[in-house]
Amino acid sequence: MFDLLGISAPAFFGQLLIGVINGSFYALLSLGLAVIFGMLHIINFVHGAQYMLGAFTALLLLNYLGIGYWWSLLLAPLIVGAFGIVLERVFLRHLYKLDHVYGLLLTFGIALVIEGTFREFFGSSGQPYGIPPELAGVQNLGFMFLPNYRAWVIVASLVVCFGTWFMIERTRLGSYLRAATENPALVQAFGINVPLMVSLTYGFGVALAAFGGVLAAPIYQVSPLMGINIIIVVFAVVVIGGMGSILGAVVTGFVLGVVEGLTKVFYPEASSTVIFVVMVLVLLTRPTGLFGRA
Amino acid sequence: MTDTPTALLRVSDLHAYYGESHILHGVNFEVQEGELLCLVGRNGAGKTTTLKSIMGMIPQRTGSIVYAGNETIRLSSHRIARLGISFCPEERGIFASLTVSENMLLPPVIHPGGMDLDEIYELFPNLRERARSQGTKLSGGEQQMLAIGRILRTGTKLLLLDEPTEGLAPVLIQQIGASIRALKSKGYTILLVEQNFRFAERVADRFCVMEHGRIVDTIPVEELEGRRAELHEHLGV
């Protein structure tokens, strides 16, 4: 089959794997954006910077405190998520009654400040972060080699995405979140502390970005620019999936990662634009996104 | 009105504002424990705003609202709900992204002693078979039953019901009336806002007439016959 298409099997599976890996990050990040947009109606442009902060937190924990990958995977999301809660309490809280564009502008500005600050201190070249020894090594699958760490990234992303979807769609806490998305005043009048729930939701969305950042650290370089590079694509993913749709964000993230990877095999020139072409086509035919509700 | 020790809710000199507009101009009334008090008045008199102010859903409010001995005027609405007040809004507030049973289980239980699901389904049998439907797929009458049913689980003592019969067919209005009488006999205290006066006079113990953001008259149901003409003048019917 591969001979007919004029490509080699290792090249095909190699790009497929890269696509699924990229898709894992797209899914994690667009999931966080969807959770935040659904509840706060804030377009969180600082999400890429928060992803970068996750990776840097892991790096700094290692360099200064000797805390390794596994603890960082837990601690970095907590630390960056707590920073997100402060951001929500101090800044975002005042924007809920205003047009979405104010939230976008504010978070965009905060992203520039954070990324500029990190560039000042760490320069724009990347710093390496080692793969944890437990996950070193490669599996020979016969048709391709699969590095253990990359398999772990795919599994971790799938588990977190599914867990988040389950929590929101199938639990009591999730029903509070969904109801508060529709009518926060009434949910609060039932005795639920909606402002607290909003803060924690933002913190959770930010923690997802930071978790993605820690997962990414051993694969990509830890660099102040890593967030900027990925966030534009992630926004395209969110638009394609449908703003605020949890399932849409996850499925679209993985699918578009694969689409992007396979485009590299068949028509490499288009690989960096294919996602935006898909976005245009989706917006023309389904303006609310593939999974969005009108 | 005189102070009595059994007043469960006492509203005094309540003012409420939406932005620049001043809606309530010093509302005063009390609701006794176990009583069904009905607020009547024309559209725009301030009845719904009164309920929402009691529930803490109008941020700009002054005066005093004392529930079971607690001053609530400065509390946010989730704290007020936790004291034991439940609200059933005029638009019913059924959540489209939740199933009927998720809607039913949404309001958290605040005090022990609320009705359990079986008792609620006994009161509103239609809801039992629709438990897995999407909340807003129910008919208007079923949505109203769900909106009332879900606050009965919480163990609150004071129910604020905003126009429960609005837009319903006569047979459904009768069913809602029967359930409200059943709730009264279970000892609930109810503050009802109702445009449908023929419905209200069959369930209420007392009427407070609102005009331009004030209570202008109070009529116990025993005096209703003699004062009907007076009341109709207030209501413009």
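Which helix of chain B is B:Glu142 found in? B:Glu142 is found in helix 6, where helices (H or I, at least four residues) and strands (E, at least two) are DSSP runs, numbered from the N terminus.

Before going on, a word on what you're looking at. This is a predicted model, in which local features need pLDDT of at least 70, side-chain atom pairs count only at pLDDT 80 or more, and totals for chains, interfaces and linings use all residues. Residues are numbered from 1 along each chain as its sequence is written, chains are lettered from A and ligands numbered from 1 in the order in which they are written, and side-chain values use heavy atoms, with hydrogens and water left out.

**Where the chains meet**

Chain B puts 23 residues into the contact and chain A puts in 17 residues; contact here means heavy atoms within 4.5 Å. Together they bury about 1,700 Å², with 60% of it on carbon and sulfur atoms. Buried area is the accessible area (1.4 Å probe) that two parts lose on being put together, summed over both. On the chain B side, B:His78, B:Phe95 and B:Leu106 lose the most area to chain A, together 33% of what that side buries.

There is one salt bridge between the chains, meaning a side-chain nitrogen of Lys or Arg within 4 Å of a carboxyl oxygen of Asp or Glu. The side chains of A:Arg178 and B:Glu102 make a salt bridge at 2.8 Å, N to O.

Which elements give two or more residues to the side of chain B that touches chain A? They are helix 2 (77-84), helix 3 (100-105) and helix 6 (140-152) of chain B. Helix 2 of chain B gives the most, with four residues.

**Two buried residues in chain B**

Back to B:Glu142, plus a glycine: B:Gly41 is found in strand 3 (residues 36-41) of chain B. Buried means under 20% relative accessible area, exposed over 50%, partly exposed in between (1.4 Å probe, protein chains only). The contacts in the table leave out residues up to four places away in sequence.

| Residue | Relative accessibility | Touches |
|---|---|---|
| B:Glu142 | 12%, buried | B:Asn126, B:Leu127 and B:Arg130 |
| B:Gly41 | 4%, buried | B:Lys47, B:Gln195, B:Met210 and B:Leu235 |

B:Glu142 counts as buried because its relative accessibility is 12%. B:Gly41 is buried too, at 4% relative accessibility. The C-alpha atoms of B:Gly41 and B:Gly236 are separated by 8.8 Å, with the two residues 195 residues apart along the chain.
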